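Dear colleague,

I am passing on the structure we spoke about, with the sequence alongside it. Please look it over first, and then read the notes that follow.

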Amino acid sequence: MTLFNVTEAKRIASGFHPDPTICETPQGTYYMVNSSFEFFPGLPVFESADGEHWRRIGNAMDRESQFPYESMGNSQGIYAPTLRYHDGRYYLIVTNVNKGNMILTTDDPHNGWSDPIWVEGWPGIDPSLFFDDDGSVYICGNEGSEPDDDGEREPAGIYLSRIDVATGTVLTKRQRICGGITGSNPEGPHMYKRGGTYYLMWAEGGTESGHMENIARSSSPTGPYEMYPGNPLITNRSTHLTLQAIGHCDCAHFDADRTLMVFHGTRNNDEYPAQGWLGREPYGVWFTWKDGWPDLADQSYDCPLDGCGEALEHEIAWITPSIDKAHRFTMNDAGSHITVTAARQDFGLEVGAPMIGTRQTDFRCAFTATIADPTQLVSGTAGIAIYANANHYMTIAVHAAEADTVAIDATVHNAGLISRVGGVHVPAGGPVRLIVRGDDYGYTFAVGTASDETTLGNAPGKVLSFTNAGGFTGILLGVYAHGDGVVDFNEVHYQAGSGVADE
């Protein structure tokens, strides 16, 4: 148990921004990048002057040429980046699980990133780069997921090779340098140097309730590595804290007496068992050193369930699951008007993005959109989706008009089980306002017309929770149109924070 060793952590960004990686700039400021999985644009980039207050500056992956894939499912795509600065250039190494490992580069993260440099002959996920003082560059990551030429799988652990970052060429044979302390999912490795000593940090225990972070040190990048007696550095396993599944750390200012560390974790409500569906979010803390080790041991962190507006809760960044290759979405700069060309499909990713939306950043929130003319929809449905993945989502949807009447219903889709929350019929002639309100336990659906507002019912958020829906992301709140027609969504708004759900 670690309840006797709990410190509050500051959330950096709200909504699913997992697998944070950071680096320090020559000016002493910081950049952070996060995993984006199937969502595009991807690899969101943040910056901070002090490591505590952050702002989003764009996405490292904002062109189709950077995100090639033949097919893609939920929780596939872009995994676990590592961001490093060396000799005037920023390097971002990351896994596209549908294609391979790759490196993006830029001289200025504000001005866009290169097309991928593909790393051939490096299996596995969670790649990381380390630039040594002698000019050597190393790549490390976890074991490969596919059998080798002899049909054997690599044992679990962290692997290392030298690499040419200009070409992506792996220069030396992969060497297993660490097997972890439990053997359960050692991943997300990062290598650092401090005072002539090499440090290896990695996550372990799976990215769920057993998540933790460990560290070891050596006089050489290839080892042997001495395990820290205080491992795990951080973990919230076996606690009832609001913040759970903490781990996947990265550090900056590592060679100083005070080091900045980021990690991700999930917020969970007070149900039993506790439920969370917002995704893994990044947190930042500072630690000091003692006897050549971080002054951390079995450290737990916690946070309030709902945000206070200091962690980009009001941030809106429009993204789609997979690339909208058919260009079915157009919007104004603010995103308050979105036009969707309906497609004859469901919420699968096979033929491109089925919806466009923004991350849910707090349990207490509201997402609204007005369909000015429901008769624009010739067939099918259009409305708001609360999207975890293609098998777990909720909708409040307008159906194509029949006999001058429009049917609107709220529906929960749970791994093939479809439950109707409630519905209403309205005249086809006027605008329809669709409303979703979130709270600590789920969602309320309502329909507004020129004269009144009708509540359709409630649905439990646990349907979309990690324990039920699975996956590595969180909730996307957005609009969609399935069927035929071109639908205009006006007054599209997202709000987050305490009190919103009660309005």
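I begin with arginine 174, which is buried, with a relative accessible area of 16%. Please keep in mind throughout that this is a predicted model. The side chain of arginine 174 meets that of glutamate 154 in a salt bridge, at 2.7 Å from N to O. This pair links distant parts of the chain, 20 residues apart, since glutamate 154 sits in the loop between strand E13 (137-142) and strand E14 (158-164), while arginine 174 sits in the loop between strand E15 (169-170) and strand E16 (175-178). Unlike its buried partner, glutamate 154 counts as partly exposed, at 25% relative accessibility.

The count of salt bridges comes to 20, and two others deserve a description here. Arginine 63 and aspartate 115 are joined through their side chains, with 2.8 Å from N to O. Arginine 63 belongs to the loop between strand E7 (54-61) and strand E8 (78-86), and aspartate 115 to the loop between strand E10 (100-106) and strand E11 (117-119), so this salt bridge ties together parts that are 52 residues apart in sequence. Both ends are partly exposed, arginine 63 with a relative accessible area of 31% and aspartate 115 at 37%. In the other pair, arginine 364 forms a salt bridge with aspartate 306, their closest N and O atoms being 3.3 Å apart. Here again distant parts of the chain are linked, 58 residues apart: arginine 364 is in the loop between strand E30 (356-359) and strand E31 (365-371), and aspartate 306 is in the loop between strand E26 (300-302) and E27. Arginine 364 is partly exposed, with a relative accessible area of 28%, whereas aspartate 306 counts as buried at 16%. Through shared partners, salt bridges also join Asp62, Arg63 and Asp115 into one network.

Glutamate 38 is a contrasting case. This residue, in the loop between strand E4 (30-33) and strand E5 (39-40), is buried yet has no salt bridge, and the nearest side chain of opposite charge, that of arginine 280, is 9.3 Å away. What does lie 2.9 Å from a polar atom of the glutamate 38 side chain? It is the backbone nitrogen of serine 75. Beyond its neighbours up to four places away in sequence, glutamate 38 touches a set of residues including Phe67, Met72, Asn74, Thr320, Pro321, Leu349 and Thr473.

One of those contacts, proline 321, lies in strand E27 (residues 320-321) and counts as buried, at 0% relative accessibility. Its C-alpha atom is separated by 7.6 Å from that of glycine 352, although the two residues are 31 apart along the chain. With neighbours within four places left aside, the contacts of proline 321 include Glu38, Phe39, Gly352, Tyr387 and Leu476.

Turning to annotation, UniProt places the feature "active site" at Asp19 and Glu187, in an unreviewed entry. The two positions span 169 residues in sequence, yet no two of their C-alpha atoms are more than 11.0 Å apart, so they gather at one spot. Aspartate 19 is found in the loop between strand E2 (10-11) and strand E3 (21-24) and is buried, with a relative accessible area of 5%. Its contacts, apart from neighbours within four places in sequence, include Val33, Phe37, His248, His264 and Arg280. Glutamate 187, in strand E17 (residues 187-194), is likewise buried, with a relative accessible area of 14%; excluding residues up to four places away in sequence, glutamate 187 touches Asp126, Asn142, Ile158, Trp202 and Ala203.

Finally, there are the nonpolar cores. The largest holds 51 residues, of which Ile408, Phe445 and Phe489 touch the most other members. The largest share of this core, eight residues, comes from strand E39 (residues 476-496). Isoleucine 408, again leaving aside neighbours within four places in sequence, is in contact with a group of residues including Ile396, Val398, Val424, Leu434, Val447 and Leu456. Apart from this core lies another, of 33 residues, among them Val45, Phe67, Tyr69 and Phe347.

With best regards

Note on methods:
Residues are numbered from 1 along each chain as its sequence is written. This is a predicted model: local features need pLDDT of at least 70, side-chain atom pairs count only at pLDDT 80 or more; totals for chains, interfaces and linings use all residues. Side-chain values use heavy atoms; hydrogens and water are left out. Helices (H or I, at least four residues) and strands (E, at least two) are DSSP runs, numbered from the N terminus. Buried means under 20% relative accessible area, exposed over 50%, partly exposed in between (1.4 Å probe, protein chains only). Lys and Arg count as positive and Asp and Glu as negative; His and the chain ends are not counted. A salt bridge is a side-chain nitrogen of Lys or Arg within 4 Å of a carboxyl oxygen of Asp or Glu. A polar contact is a pair of N or O atoms within 3.5 Å; within protein, one must be able to donate a hydrogen and the other to accept it, and residues adjacent in sequence count only if both atoms are side-chain atoms. Contact means heavy atoms within 4.5 Å. UniProt positions are given in the numbering used here, feature names are shortened, and annotations may be inferred rather than shown by experiment. A nonpolar core is a set of buried Ala, Val, Leu, Ile, Met, Phe, Trp, Tyr and Cys residues joined through side-chain atoms within 4.5 Å.
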